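Please look over the structure shown here before reading on. This report takes a few side chains first, then the packing and the open space.

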Amino acid sequence: MFQLRFTTLVEAPLTVAFDVARSLGRPWPHPLQEVVSERPWRDVHVAALGSGWRTLVHTRSFTATAAGTLVEEQVDAEAALPGWLDGLVPRRRVERAMQVHLDAYAAAAARRAQEVTQVVGAALVDDRQRVLVAQRGSGPLAGLWEFPGGKVEPGEPEVSALVRECREELGVGITPGAFLGEVPLDGVVAGGVPGASTLRLWSGLVTAGELVAHEHSELRWLGPEELEDLDWIPADRPLLPAVRALLVRR
């Protein structure tokens with residue numbers, strides 16, 4: 001029995017990293033059976049009887065980071081071979097197969113990410129430990145609250161998009177801060193594949209200009225204890241714990 005671990009940083013959102021990983025499968029001569037699928041966070045596959053393995057469990061987890069998706073993989077395996085070959089030959093074979101597979105996977109996910117329109121948001125914080133929130137003024141989500149932000153243009157870095165969107169929506173210059181989290185978006189964004197895009201949220205500070213609600217019906221500064229009092233758009237609500245933690249530790 002042996003255990004191997006592999007870590008890959010993929011320049012792609014969570015949804016793309018997960019979907020491409022599943023489409024490429026695993027680098028084994030026999031197909032594995034999926035026993036867990038929690039898109040886009042985790043999946044687990046196992047080898048079937050008669051595949052040449054006494055045991056083979058391949059687990060993957062996907063974590064959002066500022067630089068992309070961190071993919072952590074663990075292989076727990078025991079081959080149907082006698083003696084020292086049980087630990088040496090299969091282990092080396094798995095290591096070689098995984099390294100080739102992961103290089104191809106990272107490249108494929110980065111290419112696919114170019115086809116997906118991302119959305120970024122800003123949790124702008126003031127010196128009184130409050131965060132800026134904005135109320136939608138039109139559309140199907142009119143009246144609900146969100147963090148300012150918008151779509152990333154093709155070829156535009158995400159933090160650059162964040163600065164641009166805050167200037168267009170709020171009339172202010174900002175300095176982006178820490179990455180706070182990522183949430184999959186339901187439905188279609190900019191005509192893309194349903195469920196492919198995500199919202200990625202950063203903290204930030206207003207560093208120039210005066211706030212003006214160019215695209216929202218209202219702007220408010222809220223403390224950590226006030227966040228739950230609002231009706232939030234579905235994409236932003238899962239990010240509230242990270243924002244609350246940011247305000248409390250400042």
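The side chains of Gln135 and Ser217 are joined by a polar contact of 2.9 Å. This comes from a predicted model. Gln135 has a further polar partner: a polar atom of its side chain lies 3.1 Å from the backbone oxygen of Gly143.

Where does Gln135 lie? Gln135 is part of strand β7, residues 131-136. Is Gln135 buried or exposed? Its relative accessibility is 17%, and buried means under 20%, so Gln135 counts as buried. Setting aside neighbours within four places in sequence, Gln135 is in contact with Gly143, Leu144 and Trp145, and also with His216, Ser217 and Glu218.

**Aromatic pairing**

The count of aromatic pairs comes to three. One pair is Phe179 with Trp202, and its geometry is edge-to-face. The ring centres are 5.3 Å apart, with 70 degrees between the planes. Phe179 sits in strand β10 (residues 173-184) and Trp202 in strand β11 (residues 198-208), so the pair ties together parts 23 residues apart in sequence. Phe179 is buried. Trp202 is buried too.

The table sets out the relative accessibility of the three side chains discussed so far.

| Residue | Strand | Relative accessibility |
|---|---|---|
| Gln135 | β7 (residues 131-136) | 17% |
| Phe179 | β10 (residues 173-184) | 18% |
| Trp202 | β11 (residues 198-208) | 4% |

**Nonpolar cores**

The largest nonpolar core has 30 residues. Within it, Trp53, Phe62, Val94 and Tyr105 have the most contacts. Elements giving two or more residues to this core are β1 (2-10), α1 (14-24), β4 (53-65), β5 (68-79) and α2 (85-113). Which element gives the largest share of this core? It is α2, with seven residues.

Phe62 touches many residues beyond four places away in sequence, including Leu14, Phe18, Trp41, Val71 and Tyr105. Arg42 and Asp43 are also among them. Another core lies apart from the largest one. It has 23 residues, among them Ala123, Leu230, Ala235 and Val243.

**The largest pocket**

What is the volume of the largest pocket? It is about 750 Å³. The lining has 29 residues. Closest to the pocket centre are Val119, Arg136, Leu141, Glu146 and Ile233. Elements that give two or more residues to the lining are β6 (119-124), β9 (149-151) and α3 (158-170).

How values were computed. Residues are numbered from 1 along each chain as its sequence is written. This is a predicted model: local features need pLDDT of at least 70, side-chain atom pairs count only at pLDDT 80 or more; totals for chains, interfaces and linings use all residues. Side-chain values use heavy atoms; hydrogens and water are left out. Buried means under 20% relative accessible area, exposed over 50%, partly exposed in between (1.4 Å probe, protein chains only). A polar contact is a pair of N or O atoms within 3.5 Å; within protein, one must be able to donate a hydrogen and the other to accept it, and residues adjacent in sequence count only if both atoms are side-chain atoms. Contact means heavy atoms within 4.5 Å. A nonpolar core is a set of buried Ala, Val, Leu, Ile, Met, Phe, Trp, Tyr and Cys residues joined through side-chain atoms within 4.5 Å. Rings of Phe, Tyr and Trp (its six-membered ring) pair if their centres lie within 6.5 Å; planes under 30 degrees apart count as stacked, over 60 as edge-to-face and the rest as tilted. On a 1 Å grid over the protein atoms alone, a cavity is a set of points where a 1.4 Å probe fits but cannot get out, and a pocket is an open set with protein on both sides within 12 Å along at least five of seven lines; lining residues have an atom within 4 Å of a point. Grid points are joined across faces, edges and corners, and a volume is the space filled by probe spheres set on the points.
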